[in-house]
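Reader: I am new to protein interfaces and would like to learn how to read one. Could we go through this structure together?

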Amino acid sequence: MQHMIAIEDALHRVWLSRDAQGYVLHLGAQQWPVALDGTALRVAGAASPVTIAVDGDRVYVHIDGAAHELVYQSPIAFHAAEAGGPAEDMVRAPMPGSVIATPVTAGDSVAAGDTLIVIESMKLETAVKAPRDGVVETVNFAVGQSFERDALLVTLASQEG
Amino acid sequence: MARITSQIDTGSDSFLANAAHNRGLAEELRRRQQDARFKRPQRDLDRLARQDKMFLRDRLEALLDPGTPFLELSTLAANMAYDGDVPGAGQMSGIGIVSGREVIIHADDASVKGGAWYPLSVKKIIRTLDIAIENRLPVIHLCDSAGGFLPLQRDLFADRYYAGRIFRNQSILSKMGVPQLSVVLGHCTAGGAYIPALSDYSVIVRGTGAIFLGGPPLVKAATGEEVTVEELGGADMHTSVSGTADYPAASEAHAFAIAREIVGQWTVADKTGIDWIEPEEPYYDPQELYGILPRDSRTVFDMRELIARIADGSRFHEYQPAYGTTLICGYARIWGYKVGILANNGVLFNDSSLKGAHFIQLCDKNRTPLLFLQNITGFMVGKEYERRGISKDGAKLIMAVSGASVPKFTINCNGAFGAGVYGMSGRAFDPRFMFTWPGAGTSVMGAEQAANVLSDIKIRQLAREGRSLSEEEIAAIREPVLEDYKREQSAYYATSELWDDGILDPVDTRNALGICISAALNAPIEQPHYGVFRL
Amino acid sequence: MSELPFRSVLVANRGEIAVRILRTVKALGLQGLVVYHAADRDSPAVRAADIAIEITGPTPVAAYLDGAQIVAKARAAGAGAIHPGYGFLSENAGFARAVAEAGIVFVGPTPEAIELMGDKVRARNFVAERGFPVAPSAIEDDDPASFNERARAVGAPLLIKPSAGGGGKGMRIVRDLAILDDEIVRARSEGQRYFGDGRLYVERYVERPRHIEVQVLGDAHGNVVHLFERECSIQRRFQKIIEESPSPGLTPDERTRICEVAAGIARAAGYRNAGTVEFIYGAGEFYFLEMNTRLQVEHPVTEEVTGLDLVAEQLRVAGGAPLGYGQEAVTSSGHAIELRLYAEDSTRDFAPTTGPVLIYRTPAGVRVDSGIVEGGRVTAAFDPMLAKVIVHGADRVEAIAKADKALADLVLLGCRTNAAFLRRLLADPDFASGDMHTGLIAEKPALAEDPPLDEDQMTRLLAAAALSLRTMRDAADAVPRLHAAMGGWRN
């Protein structure tokens, strides 16, 4: 079993264990002794200064003069989603912005690729598409309303049961 | 504690020859274990893939905490039964770490005869649950079985230690407050349905997992009702309608993620406290065990040399070093745990038996688990020893071994024969765990001796009929007896029949013992009390 | 500065510029006021002000654009002067007038100057009529009969645009005047096709243009000085990203000329307070583009090389004081660079980013004008500029090195920024050699991409995350010591 951590869009299977000396990071078949002492990160003995902030499942790391965002996903959520579970029912905002058109309403049948909502962000228009065939359950924003990244824009009716 | 000073010359010819021989035995063990775990007919692997099922070993890795040890038990069960067609008896058993908790895992291997239960499968499951009961180890069942193997049902169904015992043991575990979790990854039919039903928690995989007393064909035959697997006993039915199972899972990987979180909710009970200090690696390299064990098990060697390669820091405090010297007794540490070791350095005499009985009582009073290192051909025989009461003194040792309240662990290092097995905590004496090294046999007497006894009977019978036999004729009678006997006293035969909990590569002994001692301490240790010692 | 006719200054702005203005206001011993919308309640500007006055509006931006409300609040609070900062009401002549009518000093130019320069056509004509360089051009409508001839006089290269056009449609670049007539015919037919209007307009086309601007400062007594130039060629969609002074692209003669032209334009316009004259520069020529009648975002670059506090100078001349020094007293030393830190994701077409400011640490020894504060939040409500990092070095090479180090040392966790993109720009060989133009970023899309992380970086990032996540640490810590010490042993 592994934890899932996304860097940008790439998902990594990661585990942290302990041995007699300290923590061990598992990445695939590789293992590294690791330690974090305040702002000193040690991986296999080599130290790097880091600044780290954790906000829920998001970990922000400043290292080598650059900041990175990592997102933790629990194995349960990951494997549920991987098996085609509820994640596909939720259509989220790819970036913050405001709504400029809502071509569908609750109850409409849509096919994968149909436009569910049109948003504007930094003068860019983006059509948010249906991830699968289905029926619209809710449209959560009206024209003119603004939202932040990852806001739940549209929900498709669950296909379970 | 003083360090043992090894007398071994690791450059000597005999050391090197022993090492080559014993490494060969270890490699053969590895190979046979590897085959038992992974070698399957392609059609069985194809079937699993078609059913979207994970291979058992992948299931295991998905369940365990990465970077933690797993002690597999009875890997080679049934290796000499059923024409070798049922590796591992179609079951996997072992102690590992799930969500930080020590658990024992019992898993059906669907790649072996569809996970069908053979008589030795049932024996292995019951042994797994006995271990759980004796050591209060939580159990995780990975259920994926076609059910009992019907052609051999008479050897697995009705008797006291047959299939019913599995469910009895599950119930007893529950009564003791030891949690159980079932992950239903395939069908649990008939009796198999009780495994999840008797578990405290169960997770069932949608699409592949099913629980029912009778499957669709049986239902059709019995009542004419036509029903699908999902309707009859699928994940959604059981988790939303019948309440037989608790958590539906979208995939096997999802099921293991849920299972791990469930185990993470189990309260970790305080262990029985025994003397423990920070562990220390043995001073002498355990790899040298290969060079110490003789090529011919009848060759005498000093068992202290083995202790030096198993015990922490190779340290050993010997008790009564000058008395009853054919039984070495003393204290050592394994992974920091204090243990009392009894190791054979020759046959058991009156004094060695008395020394052993006394030392066991010391350990029992002292809350010190016992480790028996078997290398025993038996108790001494002969007029003088009988007059000295060798049977009476042997009985004292057996009384002490049987009555000891502290956990016992037994390793057959180089052979265990005759009544010596009783005095050295053989399987019948409920050691918490019992392992065999690859070259170590066990039987009521040595093979040569037994072959001689058996062929003598035949020769004498023929002599009474007035026939005298040539050397060749005697050999023709004796050789097949010897061959059969050798086969049936081998470590592989013992482990095939579950007379032990598995064959260990000698170098794995220290880790295996560490895991076993730790597991054993989940159960409380009773106050010492014994039967009547014949004085 | 006891000669100032006001004792308090209200900042009609937000973000980093409000903080920056308040810093000088307070340094001068004046009372600092700021207006704020509720979305900025916990902003550093509100914290920095002596008095913060809430303003309201249908959106946060609308509140800051509501001149009437701000003047009313300023009056009620007894503010002596209003500094508009940049953006919002800073170039709104009506606001400047309303402030003055309310008896409050407007820290900026006269409403007339704002109006003149705010009308791009009027401004261009004003400048051209006084003999300052504007890009040669020809408008067909002025005299259709002579259009081709006048177009030829513009000189190559030139750009033909449909008068009714926009968005680049129907535009044609002519580098060889021999084909000019043919190209005019084609452009006309395209204009007709796209816009139903074939009328054309021609102007000199500047290849690989640079954006160079000059800071000017005038008082109410007719004195005008320039404070040297700034090069702002590193832009993306007309948004400046890196500014510096001096410009690495000008010869000393060109530099003197462009600065004197700027001062001349300001003087001709009777300009007072701080302003910026923008030029387009290419192939040794420069042309007037427009004049900004406010304090610029990039003013710190000028402050670093001249040693002047531009806000203090603004307040002084707004209070009626004469400049008190001539052009010869203004010197430029060393090299300054400003980098704009934006909340945006260069890898997603520079989409704006939002998030909590979990940790914000600015590099030591470097000027950072920040509009954010640790514990705050970056939202989509305002412009995505978070802060400006300003460095000053003995020369450009030193300044670039300092800038890179400052960006590397600046820690902002919780909201993605363009810091890595800025560092890639600094490392770009064309930027390093000073060979830049306004199309540099568009020409090098690879700069927007984060290079893939190597295995070592990935490992360290995952290690940092794993060791920081309670869930992961707890899972490791839950394993009994004995088993942990054995690791992944198997029998």
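Reader: How many residue pairs are in polar contact across the interface of chain B and chain C?

Author: Happy to help! This is a predicted model, and the rule finds seven such pairs between chain B and chain C, both residues being at pLDDT 80 or more.

Reader: What makes B:Glu278 and C:Arg481 a salt bridge?

Author: Their closest N and O atoms are 2.6 Å apart. The cut-off is 4 Å between a side-chain nitrogen of Lys or Arg and a carboxyl oxygen of Asp or Glu, so the pair qualifies. The count between chain B and chain C is two salt bridges.

Reader: Which helix gives the most to the side of chain B that touches chain C?

Author: That is H20(B), with five residues. The residues of this side of chain B divide into 11 nonpolar, eight polar and eight charged.

Reader: What is the area buried between chain B and chain C?

Author: It is about 1700 Å², with carbon and sulfur atoms giving 57%. On the chain B side, B:Pro69, B:Trp335 and B:Asn511 lose the most area to chain C, together 26% of what that side buries.

Reader: Now for chain C itself. Why is the pair C:Glu303 and C:Arg20 called a salt bridge?

Author: Their side chains meet at 2.7 Å, N to O. The limit is 4 Å, so this Glu and Arg pair earns the name.

Reader: How many salt bridges are there between domain 1 and domain 3 of chain C?

Author: The count is five. These two domains of chain C bury about 2000 Å² between them, and carbon and sulfur atoms give 65% of that.

Technical notes: Residues are numbered from 1 along each chain as its sequence is written. Chains are lettered from A and ligands numbered from 1 in the order in which they are written. This is a predicted model: local features need pLDDT of at least 70, side-chain atom pairs count only at pLDDT 80 or more; totals for chains, interfaces and linings use all residues. Side-chain values use heavy atoms; hydrogens and water are left out. Buried area is the accessible area (1.4 Å probe) that two parts lose on being put together, summed over both. A polar contact is a pair of N or O atoms within 3.5 Å; within protein, one must be able to donate a hydrogen and the other to accept it, and residues adjacent in sequence count only if both atoms are side-chain atoms. Helices (H or I, at least four residues) and strands (E, at least two) are DSSP runs, numbered from the N terminus. Ala, Val, Leu, Ile, Met, Phe, Trp, Tyr, Cys and Pro count as nonpolar, Asp, Glu, Lys and Arg as charged, and the others, Gly among them, as polar.
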